[in-house]
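This briefing is for a reader who is new to the structure shown below. The points are grouped by topic.

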Amino acid sequence: MHSPLPVFALLLNALIWGLSWWPFRAMHEAGLHPLWATAFMYALVLAGLLCLRPAALKQAWKYPVLILLAASSGLNNMAFNWAVTVGDVVRVILLFYLMPAWAVLLAWRILGEKPTPMALLRLLLAFGGVVLVLLPADASLSGLFAGLSLADGLAVFGGFMFALTNVLLRRFQSIPAQARMLAMFAGCMSMGLLTALAASSLGVVPAFPALDSSWVTVALGLAVLLMLGNWALQFGAARLPSGVTSVVMLSEVVFASVSSVLIAHETLSGRTLAGGALIMAAALLASLGNLRKRR
């Protein structure tokens, strides 16, 4: 009988990310914008990784191509953290999980994997779900983008960059894992910092606030949880087929949805639920397809 620990590890990672909107909003209310929070926390995470794995830096320098991975993972993280802080959590998570649809297009372009009829079906399901989630009940298709909020745009962009990150990880699978991890953490820190500096100079976000225990404590705690979540993901994903990993990780949607309803008192409309069902169906088809390939 196989050990359940890898599945529990993946569920822990999904739980951490599914609830991450809560501490990000708490820090935001205390005066720390999510862009600054991302840069601050990943600086701590990066320092922790270098203390535990100092050889990772030397390894990463050998692979300049990791800059691409750093940029994609950093933009993905920055966009997601900002979106769940200022937007409707369930809506953001659903739009972010367009990732399997983007992955089909990116794998076609970057890896040369021509989409199958099933892959095209996943695209139709996913983008049909987006139309239901984004389109107001009294609007026509021509007004699809009229009510698009900043959080919506960030969620779609973040999901696209997450898909690109996954494709690049497959492309760079011969590079040592700790070098890839270092690049991703460094990218999250640098993209968060660069975006925060640019947005602050334009007056879009406030300047970095003075250190205050009201947000420093939350940031430290979340940084520790992010490191724990990353370890759990590495542990679980290395011991399970990719299809199983993808299915288990979809539990993040459940954790985020339930917590946002119970804690933030957000509501789930019928249109959102229907659109979410289509997006999740596309993600499940992608996951089950990967699982069948492994057998």
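A search of the whole structure, which is a predicted model, finds zero disulfides. A disulfide is a covalent bond between the sulfur atoms of two cysteines. Cys51 counts as exposed, because its relative accessibility is 66% and the exposed class begins over 50%. Cys188, with a relative accessible area of 5%, is buried.

**Overall make-up**

- The protein chain contains 14 helices and zero strands.
- Read from the N terminus on, the order of elements is α-α-α-α-α-α-α-α-α-α-α-α-α-α.
- The protein chain has 295 residues, and buried residues make up 47% of them.
- Among contacts between residues at least 6 apart in sequence, 88% join residues that are at least 24 apart.

**Helix 2 and the residue after it**

- Helix 2 covers residues 21-29, and its buried residues are Trp21, Pro23, Phe24, Arg25 and Met27.
- These buried residues pack against helix 1 (5-19), helix 3, helix 5, helix 6, helix 11 (213-237) and helix 13 (251-263).
- Gly31 comes just after helix 2 and takes a positive phi of about 110°.

**Helix 3 against helix 5**

- Helix 3 (residues 34-52) packs with helix 5 (residues 66-86) at an angle of about 130°, and their axes are 9 Å apart.
- That angle makes helix 3 oblique to helix 5, because it falls neither in the range of 65 to 115 degrees for roughly perpendicular nor over 145 for roughly antiparallel.
- The crossing in which helix 3 passes helix 5 is right-handed.
- On the helix 3 side, the residues that meet helix 5 are Pro34, Leu35, Thr38 and Tyr42.
- On the helix 5 side, Asn77, Met78, Asn81, Trp82 and Thr85 take part.
- The residues of this contact of helix 3 with helix 5 divide into five nonpolar, four polar and no charged.

**Helix 6 against helix 8**

- Helix 6 and helix 8 (residues 117-134) pack with their axes 10 Å apart, at an angle of about 160°.
- Helix 6 is therefore roughly antiparallel to helix 8, a class that takes angles over 145 degrees.
- Helix 6 and helix 8 have a left-handed crossing.
- Helix 6 brings Arg91, Leu94 and Leu95 to the contact, and helix 8 brings Val130, Val133 and Leu134.
- Of the residues in the contact of helix 6 with helix 8, five are nonpolar, none is polar and one is charged.

**Val89 in helix 6**

- Val89 is found in helix 6, which spans residues 89-96.
- Is Val89 buried or exposed? Val89 is buried, because its relative accessible area is 0% and buried means under 20%.
- Residues up to four places away in sequence aside, Val89 touches Trp21, Arg25, Val84, Ala256, Ser260 and Glu266.
- Two of the residues that Val89 touches, Trp21 and Arg25, are also among the buried residues of helix 2.
- Val89 and Glu266 are 177 residues apart in sequence, yet their C-alpha atoms are 8.1 Å apart in space.

**Thr165 in helix 9**

- Helix 9 (residues 150-171) holds Thr165.
- Thr165 counts as buried, since its relative accessibility of 2% is under 20%.
- Leaving out residues up to four places away in sequence, Thr165 touches Leu69, Ser72, Ser73 and Met184.

**Arg180 in helix 10**

- Arg180 lies in helix 10, which runs over residues 177-201.
- Which class does Arg180 fall into at 17% relative accessibility, buried or exposed? Arg180 counts as buried, because 17% is under the 20% cut-off.
- Apart from neighbours within four places in sequence, Arg180 is in contact with Leu66, Leu69, Leu169, Phe172, Gln173 and Ile175.
- Leu69 is in contact with Arg180, and Thr165 also touches Leu69.

**His265 in a loop**

- His265 is found in the loop between helix 13 and helix 14 (270-294).
- Most residues other than glycine have a negative phi.
- His265 has a positive phi of about 60° although it is not a glycine.
- His265 counts as exposed, because its relative accessibility of 63% is over 50%.

Notes. Residues are numbered from 1 along each chain as its sequence is written. This is a predicted model: local features need pLDDT of at least 70, side-chain atom pairs count only at pLDDT 80 or more; totals for chains, interfaces and linings use all residues. Side-chain values use heavy atoms; hydrogens and water are left out. Axes are lines fitted to C-alpha atoms, for helices over the stretch in contact, and angles run from 0 to 180 degrees between N-to-C directions. Helices (H or I, at least four residues) and strands (E, at least two) are DSSP runs, numbered from the N terminus. Angles under 35 degrees count as roughly parallel, over 145 as roughly antiparallel, 65 to 115 as roughly perpendicular and the rest as oblique. A crossing is left-handed if the near helix is turned anticlockwise from the far one by less than a right angle, and right-handed if clockwise. Contact means heavy atoms within 4.5 Å. Ala, Val, Leu, Ile, Met, Phe, Trp, Tyr, Cys and Pro count as nonpolar, Asp, Glu, Lys and Arg as charged, and the others, Gly among them, as polar. A disulfide is a pair of cysteine sulfur atoms within 2.5 Å. Buried means under 20% relative accessible area, exposed over 50%, partly exposed in between (1.4 Å probe, protein chains only).
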